[in-house]
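Open the model in your viewer and keep the selection tool at hand. This tour visits the empty spaces, one stop at a time.

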Amino acid sequence: MKQRPQVFAHLGLMLYSLIALFPAVLVIMNSFKDRATIFAHPFALPTAKTFTLGGYQTLTESANFPLYFLNSLTVTLGSLGLILLVSSLAAFALSEYTFRLSALLALYLSIGIMVPIRLGTVGILDLMVKLHLVNTLWALILVYTAQGIPLAVFILSSFMRGIPKDLKEAARIDGASEYRIYALILPLIRPALGAVTAISMIPIWNDLWFPLILAPGEKTKTIVLGASAFLGQFVNDYNAVLAALTLAIVPVVVLYAIFSRQLVSGITGGALK
């Protein structure tokens, strides 16, 4: 009897997962079917007669999607790397040291969580123009790094405060420097780092606002921006439209699946703390 609530909870979660994944699976499945079958049998799997790569062929002939994908991957990985590096250093400082402006700095970072960075789009664009970074991937990397730091610092600092001080003091007695102690702490907060990665990754990959404003050039388009431009040109070519959506959806789903366990561990670990 006690297991019934857990069974119902798991069934509910499985049902929700199926509902959430169904649209993505439907898009991917129909991207490999011809146009007639998409409308006649949208829920059927592709067969030997209906299978086609025409939509993907149109993509390769009409747009440089490999470059768009590489741009998105570069921006996402570069931003995540800087977010993890800067945020972990800042979190270590806030959790280890008490100084006059520590509370004010923590409040400032908390405001960064609540205030959307898009409100400063005009100022950001003006800054990027002055730095000659418009139509470069660095403009996107820097903006996304600034966007992800406040929440990342909040998560990582809470985990770092939970690490026993005896471990840190023992390392200091042994002559370890502060940077060495910081390096020793990182493996202990790996679930938090995974959670930050998973949380920050999807908004970066799926963003259309800043690529459209800061890097709309053909050589700097991200895959979401490239897919949006492609959809505007080939709105009636449903094979190509579904193929473009597939290329935009699949990578982030795969990456999220890789880090999903770390995300759950980080959230549950934070709740226990």
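**Stop 1: the second largest pocket**

The lining of the second largest pocket has seven nonpolar residues, no polar and no charged ones. The model in your viewer is a predicted one. Select Leu21, Ala24, Ile202, Val252, Val253, Tyr256 and Ala257 to bring up this lining. The pocket has a volume of about 210 Å³.

Now colour two helices. α1 (4-30) and α13 (238-272) each supply at least two residues of this lining. Which of the elements gives the most? It is α13, with four residues.

**Stop 2: the largest pocket**

Move on to the largest pocket. Its volume is about 490 Å³. To find the centre, select Gly112, Ala146, Gln147, Gly148 and Pro150. Of the 19 residues that line the largest pocket, these five lie nearest its centre.

Next, show the helices around the space. α5 (102-114), α7 (137-161) and α10 (190-206) are the elements that give two or more residues to the lining of the largest pocket. Put α7 in its own colour: with six residues, α7 gives the most to this lining.

How does the lining of the largest pocket divide into nonpolar, polar and charged residues? There are 15 nonpolar residues and four polar ones. Charged residues are absent from this lining, just as they are from the lining of the second largest pocket.

**Stop 3: the cavity**

The last stop is a closed space. How many cavities of 30 Å³ or more are there? The count comes to one. About 50 Å³ of space lies in this largest cavity.

Select its lining in two steps. Begin with Ser72, Val75, Thr76 and Tyr144, which are among the lining residues. Then add Ile204, Trp205, Asp207, Pro211 and Thr222 to complete the lining of the largest cavity.

Two helices deserve a colour here. α4 (65-96) and α10 are the elements that give two or more residues to the lining of the largest cavity. With three residues, α4 gives the most.

Finally, colour this lining by class. Five residues of the cavity lining are nonpolar, three are polar and one is charged.

**Before you close the viewer**

Keep α10 selected and go back over two of the stops. α10 gives two or more residues to the lining of the largest pocket, and α10 also gives two or more to the lining of the largest cavity.

How values were computed: Residues numbered from 1 in each chain as written. Predicted model: local features only at pLDDT ≥ 70, side-chain atom pairs only at ≥ 80, totals over all residues. Heavy atoms only, no water. 1 Å grid on protein atoms, 1.4 Å probe; cavity = no way out; pocket = protein on both sides within 12 Å on 5 of 7 lines; lining within 4 Å. Points joined across faces, edges and corners; volume = space filled by probe spheres on them. Nonpolar A, V, L, I, M, F, W, Y, C, P; charged D, E, K, R; others polar.
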